[in-house]
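Please look at the sequence and the structure that follow, and then work through the questions and answers below at your own pace.

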Amino acid sequence: MSAATTRSRTPDRLCAEAVDLARAAAEEAAAPGVVGEHEGLVSEGDRVVTHFFGCRELGYRGWRWAVTVARASRAKVVTVDEAVLLPGPDAVLAPEWVPWSERLRPGDMGPGDLLPTDADDLRLEPGYTGEDEPPPNSALTGDLADLAEAEDAEVTGGTPAEQAVVPTRGSIAALAEELGMRRARVLSRYGLHAAADRWEEAFGAKTPMAQAAPASCASCGFLAPIGGSLGQAFGVCANEFSPADGRVVSLAYGCGGHSEAAVMPKPPQPAPPVIDETRVDPFPLRPSPDSGSVPATEDASSAELGHS
């Protein structure tokens with residue numbers, strides 16, 4: 001370690017003792033009564049010291065007045081360099097500024113809001129290609145570019161989809177427009193992967209709902225399939241009682257509303273009565289004499305008493 005480095009870390013004695021000078025500079029920059037107690041000092045270099053004072057200003061909790069003093073080589077007079085209000089270790093600071101494009105989150109858009117896309121958005125790619133067509137991000141078509149260069153004409157900027165120019169007959173653009181397929185840009189592979197990652201994170205196999213599900217959406221009858229390459233891994237839930245109703249879900253996702261999770265059994269139906277119409281069972285209109293519990297007798301005495 002050099003001698004110069006050692007000296008720069010050791011506060012200069014005269015600068016360190018200039019507390020009153022630093023306080024006066026802080027009160028001049030702020031107001032009387034706002035500057036608090038002396039909270040220490042730090043060496044900024046050879047014969048350069050910064051004094052810190054507490055700040056009593058409302059709304060600046062944890063901030064400190066920093067007054068830097070210095071003196072010239074071989075001089076005994078200490079002068080003030082600057083006095084500023086700086087945040088301390090416990091100061092309340094505003095969050096770091098973030099551009100609007102990074103602050104925007106799904107669901108932030110409301111009715112009437114417009115969300116512009118960059119011309120070189122990685123999520124999009126040309127909807128059609130051809131050697132006779134300029135890139136979709138080009139501001140001018142080939143014919144207009146030649147005309148503007150020859151006559152120094154002023155033309156309106158924008159993508160080819162915004163230009164009121166009729167495509168050349170027989171070109172890919174003309175055929176795409178005739179078939180109703182002319183979109184300046186479509187989803188790129190990066191855009192598809194980004195969308196798949198979002199959907200997998202929201203309604204995928206690693207969610208708590210899917211971990212506790214009795215089966216996956218691949219075997220659910222409420223899953224509505226979708227076309228394209230995304231249909232190999234995703235579908236749309238059509239169960240109104242599911243937490244993912246109307247959402248794009250992974251085939252590995254699942255919930256308790258699976259169509260085959262708990263099938264309600266049908267109530268038992270009693271067997272219909274069987275009627276035999278091939279035979280007749282005789283039923284006597286009167287019981288036989290010997291069908292009772294008391295045997296029949298011909299005793300005259302018992303007959304008088306009413307016994308049969």
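**Strands, cores and cysteines**

Q: How many bridges join strand S7 (residues 223-225) to S8, and in which sense do the two run?
A: Strands here are DSSP runs (E, at least two residues), just as helices are DSSP runs (H or I, at least four residues), and both are numbered from the N terminus. Two strands pair if DSSP finds at least two bridges between them. S7 and S8 run antiparallel, and the number of bridges that join them is three.

Q: What kind of model is this, and which residues do its local features need?
A: This is a predicted model in which side-chain atom pairs count only at pLDDT 80 or more, totals for chains, interfaces and linings use all residues, and local features need pLDDT of at least 70. Residues are numbered from 1 along each chain as its sequence is written, and side-chain values use heavy atoms, with hydrogens and water left out.

Q: Which residue is the bridge partner of glycine 235 in S9?
A: Strand S8 (234-237) is joined to strand S9 (residues 248-250) by three bridges, and these strands run antiparallel. In S8, valine 236 stands opposite alanine 224. The partner of glycine 235 in S9 is valine 249.

Q: How many helices and how many strands are there in the protein, and what percentage of its residues count as buried?
A: The protein has nine helices and nine strands. A residue is called buried under 20% relative accessible area, exposed over 50%, and partly exposed in between (1.4 Å probe, protein chains only). Of the 308 residues of the protein, the share that counts as buried is 23%.

Q: Which strand supplies the largest share of the largest nonpolar core?
A: A nonpolar core is a set of buried Ala, Val, Leu, Ile, Met, Phe, Trp, Tyr and Cys residues joined through side-chain atoms within 4.5 Å. The largest one has 16 residues, of which Phe53, Trp65, Val67 and Val69 touch the most other members. Helix H3 (19-29), strand S2 (48-55) and strand S3 (63-70) each supply at least two residues of this core. The largest share, four residues, comes from S3.

Q: Is S3 largely enclosed or largely open, and why?
A: Tryptophan 65, leaving aside its neighbours within four places in sequence, is in contact (heavy atoms within 4.5 Å) with residues including Ala26, Val34, Phe53 and Leu85. Because seven of the eight residues of S3 are buried, this strand is, with respect to the rest of the structure, largely enclosed.

Q: Which residue of S4 stands opposite threonine 68?
A: S2 and S3 run antiparallel and are joined by seven bridges, and within S3 the bridge partner of threonine 50 is threonine 68. S3 also pairs with S4 in the antiparallel sense, over eight bridges. Opposite threonine 68 in S4 stands glutamate 82.

Q: How far apart are the end C-alpha atoms of helix H7 (residues 189-202)?
A: The expected span of a helix is 1.5 Å times one less than its number of residues. The buried residues of H7 are Gly191, Ala194, Ala195 and Ala196, and what covers them includes strands S6 (185-187) and S8. With 14 residues H7 should span 20 Å, which agrees with the distance between its end C-alpha atoms, 20 Å.

Q: Why is the sulfur of cysteine 255 in no bond with that of cysteine 237?
A: A disulfide is a pair of cysteine sulfur atoms within 2.5 Å, and a search of the whole structure finds zero of them. Cysteine 220, for its part, has as its nearest cysteine sulfur that of cysteine 217, 6.0 Å away. For cysteine 255, the closest cysteine sulfur is in cysteine 237, and this is too far for a bond because the distance is 5.9 Å.

Q: What is the relative accessible area of arginine 74?
A: Most residues other than glycine have a negative phi. Arginine 74, in the loop between S3 and strand S4 (79-87), has a positive phi, near 65°. Arginine 74 is exposed, with a relative accessible area of 86%.
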